[in-house]
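Q: Could you take a close look at one part of this structure, the buried interior and the residues that line up around it, and describe carefully what can be read there?

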Amino acid sequence: MMARTLTPPIDDSHGIRAPARIRRIGPNDIRAALARGWHDFLARPSHIVALFVIYPAIGFVLTFAAFDYALMPLLFPIVAGFALIGPITAVGVFELSRQGESGPAPRLADALAVLIGPSIGAILRVALVLLGLFTLWLVVAQQIVFATIGEQAPDGIGPFLHQVATTAEGRMMFVLGNGLGFCFAVAALAIGVFSLPMLVDGETSARDAVVTSVRACLANPVTMAMWGLVVAGLLAAAILPAFAGLLVVLPWLGHATWHLYRATIDRTG
């Protein structure tokens, strides 16, 4: 595996790390990140990460839902919730992009270098926060379902969709679910979009990484809102062909997120 040589910037006058500088970014930076991410995806077989981690998980959920209609009202929240924990699954992809900046295209096994790096503890702490958000979202979504259409599950997907589209309770569930889901998505984006790439890049403090990620989002609210819409749109498109598109979209977004991080956060001191 390639050696990890990048260390956090140091403030020589005080002997402590200088805070990362936040750059202003715009739509052109999003386009550039997507283009560079696509190049990285074509150069490295990182889609295997999605194949062996994400795709089976979604397949398990869908299979379970197919045989248990009681889960059907929560199927969309579960699938949508994967966006909350997406940055966790992309950690290995971040590492591939990082290593590819300073040498030949790394092997897929090189993605595991992050597991033995000094930041693994901080990565796990941020991952736990995102998993906590995912769990809380499922609890909230379940309560929304119970408070609107009730605890009695529909007999099938057809009756369920009919109930959502034609009843006041179903429409209320749709509005509340999407509204609160948006809040969870914003929180997850602010916490994870730059913190996990930053930790892969050599930062060892989960707190500093999360604070920097939130600062970067607050400094670029319009651009980050656009990025969130791009991510949501690509994931929605990837889900349509029986989730097969995720094999391409997930690693592509992982690589693109890395390049957006590079464009937004300057850790050179």
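A: A residue counts as buried when its relative accessible area is under 20%. The model is a predicted one, and in this model Asn-220 has 3% relative accessibility, so Asn-220 counts as buried. Asn-220 is placed in the loop between α9 (206–219) and α10, and, once its neighbours within four places in sequence are left aside, Asn-220 is in contact with Ile-22, Arg-23, Arg-24, Ile-25 and Thr-264.

One of those partners leads on to the core, for Ile-25 is also among the residues that Leu-260 touches, together with Asp-29, Ile-30, Ala-33, Phe-194, Met-224 and Trp-227, not counting residues up to four places away in sequence. The largest nonpolar core has 58 residues, and those that touch the most other members are Phe-194, Leu-196, Met-224, Trp-227 and Leu-260. The element that gives the most to this core is α5, with ten residues. As a general background, nonpolar side chains tend to be buried together in soluble globular proteins.

Leu-196 also has a partner in space that is remote in sequence: its C-alpha atom and that of Ala-90 are separated by 8.8 Å, although the two residues are 106 apart along the chain. Ala-90 is found in the loop between α3 (72–89) and α4 (91–100), and with 9% relative accessibility, which is under the 20% limit, Ala-90 counts as buried.

Trp-227 and Ile-30 appear again where two helices meet, since both take part in the contact between α1 and α10. The axes of helix α1 (residues 27–43) and helix α10 (residues 221–239) come within 9 Å and cross at roughly 35°, and the crossing is right-handed. On the α1 side the contact is made by Pro-27, Ile-30 and Leu-34, and on the α10 side by Thr-223, Met-226, Trp-227, Val-230 and Leu-234. Sorted by character, the residues of this contact comprise seven nonpolar, one polar and no charged.

Aromatic rings add a further layer to the picture, and a search of the whole structure finds four aromatic pairs. In one of them, Trp-137 and Phe-184 are tilted, with 5.6 Å from centre to centre and 55° between the planes. This pair links distant parts of the chain, as Trp-137 lies in helix α5 (residues 120–148) and Phe-184 in helix α7 (residues 168–192), 47 residues apart. Trp-137 and Phe-184 are both buried. The rings of Trp-258 and Tyr-261 have centres 5.2 Å apart and planes at 55°, so this pair is tilted. Here both residues belong to helix α11 (residues 246–264) and are three residues apart, about one turn of the helix, and Trp-258 and Tyr-261 are each buried. Ring pairs also join Trp-38, Phe-41 and Trp-252 into a cluster.

Set against the whole chain, these details belong to a protein of eleven helices and two strands, whose elements run β-α-α-α-α-α-α-α-α-α-α-α-β from the N terminus on. Of its 269 residues, 44% count as buried, and among contacts between residues at least 6 apart in sequence, 77% join residues at least 24 apart.

How values were computed:
Residues are numbered from 1 along each chain as its sequence is written. This is a predicted model: local features need pLDDT of at least 70, side-chain atom pairs count only at pLDDT 80 or more; totals for chains, interfaces and linings use all residues. Side-chain values use heavy atoms; hydrogens and water are left out. Rings of Phe, Tyr and Trp (its six-membered ring) pair if their centres lie within 6.5 Å; planes under 30 degrees apart count as stacked, over 60 as edge-to-face and the rest as tilted. Helices (H or I, at least four residues) and strands (E, at least two) are DSSP runs, numbered from the N terminus. Buried means under 20% relative accessible area, exposed over 50%, partly exposed in between (1.4 Å probe, protein chains only). Axes are lines fitted to C-alpha atoms, for helices over the stretch in contact, and angles run from 0 to 180 degrees between N-to-C directions. A crossing is left-handed if the near helix is turned anticlockwise from the far one by less than a right angle, and right-handed if clockwise. Contact means heavy atoms within 4.5 Å. Ala, Val, Leu, Ile, Met, Phe, Trp, Tyr, Cys and Pro count as nonpolar, Asp, Glu, Lys and Arg as charged, and the others, Gly among them, as polar. A nonpolar core is a set of buried Ala, Val, Leu, Ile, Met, Phe, Trp, Tyr and Cys residues joined through side-chain atoms within 4.5 Å.
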